Amino acid sequence: MKIKYRVDGLLVERTPCSKRLQAAIVSRLKIMANMNIAERFVPQDGHIEFMGKNGRVDIRVSTIPTVFGESVEMRLLDRNAALIQLTDLGMNESSLAGFMKCLQKTHGIVLVTGPTGCGKTTTLYASLNKIYTPAVKMITIEDPVEYQLDGINQMPVNPKRGLTFATGLRHILRHDPDIVMVGEIRDRETANIAIRAALTGHLVFSTLHTNDAAGAVTRLIDMGVEPFLLASSLEAVLAQRLVRVICPNCRESYKPDENLISSLNGSHEIKSGAKFYHGKGCNECGQTGMSGRTGIFELLRITGKLRELIAAKPTTEQIIKGAPSDHITMVHDGIGKVLRGVTTPEEVFRVAKTIGEED
């Protein structure tokens with residue numbers, strides 16, 4: 001029975017357990033998470049709550065049946081963890097300035113995109129925290145509520161009782177909010193209500209699962225949102241990934257492979273003599289050379305030119321070509337962090353090199 005921890009986004013295997021203990025361990029976790037221990041052949045979800053040293057910790061538990069018994073995944077949510085500030089997420093200056101302008105809008109929709117576990121919710125929470133004042137009414141609908149924010153009404157979805165993103169969003173709009181956050185746009189109904197809310201004087205934040213910023217537009221149109229409605233309501237799309245940061249204790253400069261430099265030069269001008277860094281590995285970072293994570297970002301601001309394009313139902317490539325001249329891609333942002341000695345080229349390639357790459 002294998003036990004793995006996800007540390008800074010990568011799985012690390014720990015000392016395995018005896019196979020004969022598997023059934024007992026899985027059953028114990030199911031009891032703690034209020035699941036049905038007799039049902040072993042369908043996926044189940046539950047959650048465990050307990051008081052840790054520093055306060056309450058929530059664990060989201062999910063099981064799936066596999067050929068060698070059930071696989072259990074546990075996700076830790078520390079509700080008392082300090083919220084990260086918008087300035088600490090790792091955005092470059094131009095992206096941060098552009099994103100801050102979007103946060104000051106009175107209405108419209110701002111999307112944050114990326115795969116599961118890339119920090120979308122953390123970015124949205126930092127954004128809400130930044131613009132919160134007692135004079136503004138904010139309501140969120142999430143699955144589940146991951147962190148509790150002061151002064152903001154947060155609603156968890158409950159599909160078993162009929163409370164989905166779409167029904168919750170419909171009721172939220174009757175409470176006259178100024179700012180609405182929808183945890184995720186998953187279907188056409190939620191997308192349409194969110195777009196109409198943005199058109200009727202609300203600032204709406206939400207997340208979407210797409211590879212890059214331009215893909216969010218085509219994804220929403222594919223869901224069934226009318227292109228002309230999307231063109232007039234969308235303000236910005238922020239795509240992001242998380243890369244591991246070089247450990248400060250064992251960071252050292254090195255001469256990279258020539259092939260690596262030539263592949264980097266394709267998206268960023270690299271001057272001769274540019275220094276590259278990596279972690280040698282020490283006890284502080286568990287001999288990995290990496291410690292902690294930061295974000296790499298791509299902000300697509302919706303300009304007048306892009307609004308005309310969106311209304312005409314464009315392809316992803318057309319949107320990328322129509323982006324503002326100061327548009328910075330995710331790979332470009334990542335390589336900028338490599339040249340500043342924050343992360344390694346391998347990390348950027350691992351999470352973002354295939355994005356928008358030509359065949």
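The legends below describe views of a predicted model.

**View 1. Overall fold of the predicted protein.** Twelve helices and 14 strands make up the secondary structure. The C-alpha trace spans about 65 × 60 × 40 Å along the principal axes of the protein. A compact globule of 359 residues would have a radius of gyration near 21 Å, so the 22 Å of the protein agrees with that expectation.

**View 2. Burial and contacts in the protein.** Of the 359 residues, 45% count as buried. Contacts between residues at least 6 apart in sequence join residues at least 24 apart in 65% of cases.

**View 3. Surface and charge of the protein.** About 19,200 Å² of the protein is exposed, and 50% of this area is supplied by carbon and sulfur atoms. Positive side chains number 44 and negative side chains 39. The centres of these two sets lie 4 Å apart.

**View 4. Close-up of helix 4, residues 165-172****.** The buried residues of this helix are F165, A166, G168, L169 and I172. These residues lie on the same side of helix 4 because they cover an arc of only 165° around the axis. In an α-helix there are 3.6 residues a turn, so residues three or four places apart point the same way.

**View 5. Elements packed over helix 4****.** The cover of the buried residues of helix 4 includes three strands and a helix: strand 7 (138-142), strand 8 (153-156), strand 9 (179-182) and helix 5 (188-199). Among the residues covered are F165 and I172.

Methods: Residues are numbered from 1 along each chain as its sequence is written. This is a predicted model: local features need pLDDT of at least 70, side-chain atom pairs count only at pLDDT 80 or more; totals for chains, interfaces and linings use all residues. Side-chain values use heavy atoms; hydrogens and water are left out. Buried means under 20% relative accessible area, exposed over 50%, partly exposed in between (1.4 Å probe, protein chains only). Helices (H or I, at least four residues) and strands (E, at least two) are DSSP runs, numbered from the N terminus. The arc is that of the directions from the helix axis to the C-beta atoms. Contact means heavy atoms within 4.5 Å. The radius of gyration is taken over C-alpha atoms; the globule rule is 2.2 Å times the number of residues to the power 0.38. Accessible areas come from the Shrake-Rupley method with a 1.4 Å probe; for residues, only the protein chains shown count as cover. Lys and Arg count as positive and Asp and Glu as negative; His and the chain ends are not counted. The place of a charge is taken as NZ of Lys, CZ of Arg, CG of Asp or CD of Glu.
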